[in-house]
Amino acid sequence: MVFEPPQRLVRALGETAPDGDDWLQRLPEAAQRAVALRELTVERVQVPGGRSSLVVLVRTADGTPAVLKLAPGRARPEAERAALAHWAGRGAVQLLEAVLPAEGVLLLERLHPDVSVRSLPEAKALLEAAGTLRRLWVEPPAGFPFETVAERTGRQAEAMRARAQADPDVAPLVELALAAREELLAAPPEHRLLHGTFRQSKVLAGERMPWLAVGPDPVVGECAFDLARLVRDRVEDLIAQPSGAATTRRRVKRLAESLDVDQERLRGWTLFRAVESGVRAGRVGRPRDAELLLEFAGWL
């Protein structure tokens, strides 16, 4: 079988590595070796798939449905492997095996790849997603191999400052977001293992549990940071509503109360993460996404 990467993945990798690298060129060979090594039967490549990995639906030698996932090093597949191993299937997809760990190739439990919690009505989707996220917030393993929230947002803050200097229009929001980060990090850190990039589309229907999280970019820190990405889910729908700003504020309050997270800390991390994502979208040539995210951030 020819392992053709979906165009969504090709475009996303072009954004994160505009000068290119050879991962896409090496991808078909790595997939073929993994399939042969574990005697897998390939069904199909998942399309449109994700923005950071190739997902292939396969069956193991005994006929068990599974997923072969291949990701470049900059997507931190080793951190994903470590987090999935630590969660051991509690709230997240089960790691079956690191097939080619040095090359970021994982064999995972098969969920229902075309059925995410986003398919539910909005209120129900938020409820189910929040319940799934709660199960992931555990103590990290000793000597954890993950970034901390302070480290990750520190890198992001540098890029935000550079963008603000180049584009004065975004500077006021960037300043607010950076000030919020400094205030949030001044408090004693909370150490929980976080999903890192959690949103409704990252929660898929499963067999052993109704909903399970996939695709973590794990980080260690406070729960409000993780929940902040969920606040802006379906941002395009929020922006289209005349009452979008009020709906957003109610969502912050509801999610904070349902997961016992400080409301102001959730608001602060939501602001930072929305501005960071909006600035990044503008930098890589997605002006519509940037506009939506920065308008959303202005409501906070």
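Okay, let's start with Arg76, which sits in the loop between β3 and α3; helices here are DSSP runs of H or I with at least four residues, strands are E runs of at least two, and both are numbered from the N terminus. Before I go on, this is a predicted model, so local features need pLDDT of at least 70 and side-chain atom pairs count only at pLDDT 80 or more, while totals for chains, interfaces and linings use all residues. Residues are numbered from 1 along each chain as its sequence is written, and side-chain values use heavy atoms, with hydrogens and water left out.

Back to Arg76. Its phi is near 55 degrees, a positive value in a residue other than glycine. Arg76 is partly exposed, because its relative accessible area is 29%; buried means under 20%, exposed means over 50%, and partly exposed is in between, with a 1.4 Å probe and protein chains only. Ala75 is in that loop too, between β3 (65-70) and α3 (77-87), and Ala75 comes out partly exposed at 22%. From Ala75 to Ser52 you go 23 residues in sequence, but C-alpha to C-alpha they are 6.3 Å apart.

There's another positive phi to look at. Ala88 has a phi of about 50 degrees, although it is not a glycine. You'll find Ala88 in the loop between α3 and β4 (95-100), partly exposed with a relative accessible area of 37%.

While we're on backbone: where is the cis peptide bond that has omega of about 10 degrees? It joins Val47 and Pro48, and Pro48 belongs to the loop between β1 (41-45) and β2 (54-59).

Now another proline. Pro216 is in the loop between β10 (211-213) and β11, and its relative accessibility is 5%, so it counts as buried. What does Pro216 touch, leaving aside neighbours within four places in sequence? The partners are Glu80, Leu84, Trp87, His195 and Thr197, where contact means heavy atoms within 4.5 Å. Pro216 also brings us back to Arg76: they are 140 residues apart along the chain, and their C-alpha atoms are separated by 9.6 Å.

On to the helices. Is α7 (residues 223-231) largely enclosed or largely open? Nine of its nine residues are buried, so α7 is largely enclosed by the rest of the structure. Those buried residues include charged-sounding names like Asp226 and Arg229, alongside Phe225 and Leu227. Just beyond, in the loop between α7 and α8 (235-240), is Asp233, which is buried at 4% relative accessibility. Not counting residues up to four places away in sequence, Asp233 touches Arg118, Arg199, Gln200, Leu238 and Arg251.

Arg251 turns up again where two helices pack, since it is among the α9 residues that meet α4. Helix α4 (residues 122-136) and helix α9 (residues 244-258) pack at about 40 degrees, with axes 11 Å apart. Those axes are lines fitted to C-alpha atoms, for helices over the stretch in contact, and angles run from 0 to 180 degrees between N-to-C directions. On the α4 side you have Glu122, Leu126, Ala130 and Arg134, and these meet Arg251, Arg254, Leu255 and Ser258 in α9. By class, that contact has three nonpolar, one polar and four charged residues. Ala246 is in α9 as well, and it is partly exposed at 29%.

Last stop, the second largest pocket. How many residues line it? There are 15, and Val149, Leu185, Pro189, Glu190 and Gly221 lie nearest its centre. At least two lining residues come from each of α5 (149-166), α6 (171-185), β11 (219-221) and α10 (263-283). The lining splits into nine nonpolar, three polar and three charged.

And a final word on what follows α10: Val284 is in the loop between α10 and α11 (287-298). Val284 is partly exposed, at 25%. Val284 and Ala88 are 196 residues apart in sequence, and 36 Å apart in space, C-alpha to C-alpha.

Notes: Nonpolar A, V, L, I, M, F, W, Y, C, P; charged D, E, K, R; others polar. 1 Å grid on protein atoms, 1.4 Å probe; cavity = no way out; pocket = protein on both sides within 12 Å on 5 of 7 lines; lining within 4 Å.
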